[in-house]
Amino acid sequence: EVESLDVLKWFRDEFLADMGYTYAVSLDAGDGRGIEQSVLSRFPLSDAKVWAETPLGGEHPQKWGRGDNEFAGQPITLRRSPLQVRLTVPAGAVMNPQGTPYAGDYQAILFVVHHKSGAPGGYWRDAEAKQFVKWLREATKPAAASELPMDAFVLGDFNARAGDQSVQTYLANGFEDTFVTAGVKQPRAKDRPTTATPTTPTAAADQDREYDSEVITHASERTIDFILASSGAAKRVVAGSAFVLGTGARERGADWRTTTPPAGWASDHYPCVIDVWPQ
């Protein structure tokens, strides 16, 4: 949740000076509050793209949880576009585990998301995820039949847990949770029953609580932030490398909506980290 490119560059220059983050991208995502998604990188970024206010199909339901839906009957539209950008790691820029530089360029698509928030917004997140998967297919499509799809990483605030339909849409379309791939988090049990509909706080998400304690990414003690990888990209994730960076946080069990955050508090979300070897 970044305010603007100017603010992103200010943060970089104030706190990350001389660390090599030369490349910065942040575009207007169409959010009414001005929230953008952004990328800082030591390596070149190109082909930045957003899809503000894209129709997602269908209409908003009459209810938002127990209350009335202010958008009832209106077409479902993308209000906060993901940011898509191409990352290029130039040949020779990094060393492989054997200590020699990689000979060729490595490229991957970064697809930075901030899905619709709020438990009643499950239907909206579902529509977003279905459209995002279509855009990802287009972005990673190989130029020739003999080539493999380009690697892709989908990352950010999903405002949903692994059992929710929106996250399941990515997983069903070949994306992997890199924290599971890295062996840091257990996968969800495939045979647990799902009893709720996608438009309500789902029972499947409630069943994820046993895994939330392994990798908490939000002040509510839930796992709602992910780094997903396409099948090719997942093979480059370094085993054991995934972690959530410790930051200032409230005590366990505190009401995150009403308890004052501690000194040094940065966000209600915590930074998720993986290592990837480009090949």
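How many bridges join E8 to E9, and in which sense do the two strands run? I looked this up before anything else. The model is a predicted one. Seven bridges join E8 to E9, and the two run antiparallel.

**Entry: the sheet**

I took one residue pair as an example of the E8 to E9 register: Arg 86 has Ile 109 in E9 as its bridge partner. I then went to the other neighbour of E8. Strand E3, residues 45-49, pairs with E8 over three bridges, in the antiparallel sense. Here I noted Leu 45, whose bridge partner in E8 is Leu 87.

I followed the pairing outward and wrote down the order of the open sheet, E3-E8-E9-E10-E12-E11, which makes six strands with mixed pairing. Which strands stand at the edges? They are E3 and strand E11 (176-177); each has a single partner strand, so one side of each is left without a neighbour in the sheet.

I also checked E10 against E12. Five bridges join them and they run antiparallel. Gly 156 has Phe 226 in E12 as its bridge partner.

Is E8 mostly covered or mostly open? I found it mostly covered, as six of its seven residues are buried.

**Entry: the largest pocket**

I looked up the volume next. The largest pocket holds about 2300 Å³ of space. It is lined by 50 residues, and the closest to its centre are Ser 38, Leu 40, Leu 155, Pro 271 and Cys 272.

I then sorted the lining by element. Those giving two or more residues are H1, strand E2 (38-41), strand E8 (83-89), strand E9 (106-114), strand E10 (151-157), strand E12 (225-229) and strand E14 (272-273). Which element gives the most to this lining? E9 does, with five residues.

By residue class, I recorded 32 nonpolar, nine polar and nine charged residues in the lining of the largest pocket.

**Entry: aromatic pairs**

I record a pair of aromatic rings by the distance of the centres and the angle of the planes. The count of aromatic pairs comes to twelve. One of them is Phe 11 with Phe 15, a tilted pair at 5.2 Å centre to centre and 45 degrees between the planes. Why are these two separated by about one helical turn? Phe 11 and Phe 15 are so separated because they are four residues apart in helix H1, residues 5-15. I noted Phe 11 as partly exposed, at 39% relative accessibility.

Tyr 123 and Trp 124 form another aromatic pair, this one stacked, with 6.3 Å centre to centre and 25 degrees between the planes. I looked up the exposure of both. Tyr 123 counts as buried at 10% relative accessibility, and Trp 124 is buried with a relative accessible area of 2%.

I also found one aromatic cluster made of Trp 51, Phe 111, Phe 132 and Trp 135.

**Entry: Ser 166**

Where does Ser 166 sit? I placed it in helix H3, residues 165-172. Is Ser 166 buried or exposed? Its relative accessible area is 2%, so I entered Ser 166 as buried. Leaving out residues up to four places away in sequence, I listed what Ser 166 touches: Arg 125, Asp 126, Ala 129 and Ala 160.

Notes
Residues numbered from 1 in each chain as written. Predicted model: local features only at pLDDT ≥ 70, side-chain atom pairs only at ≥ 80, totals over all residues. Heavy atoms only, no water. Buried < 20%, exposed > 50% of the residue type's maximum accessible area, 1.4 Å probe, protein only. Contact = heavy atoms within 4.5 Å. Phe/Tyr/Trp six-rings, centres within 6.5 Å; stacked < 30°, edge-to-face > 60°. 1 Å grid on protein atoms, 1.4 Å probe; cavity = no way out; pocket = protein on both sides within 12 Å on 5 of 7 lines; lining within 4 Å. Points joined across faces, edges and corners; volume = space filled by probe spheres on them. Nonpolar A, V, L, I, M, F, W, Y, C, P; charged D, E, K, R; others polar. Pairing = 2+ DSSP bridges.
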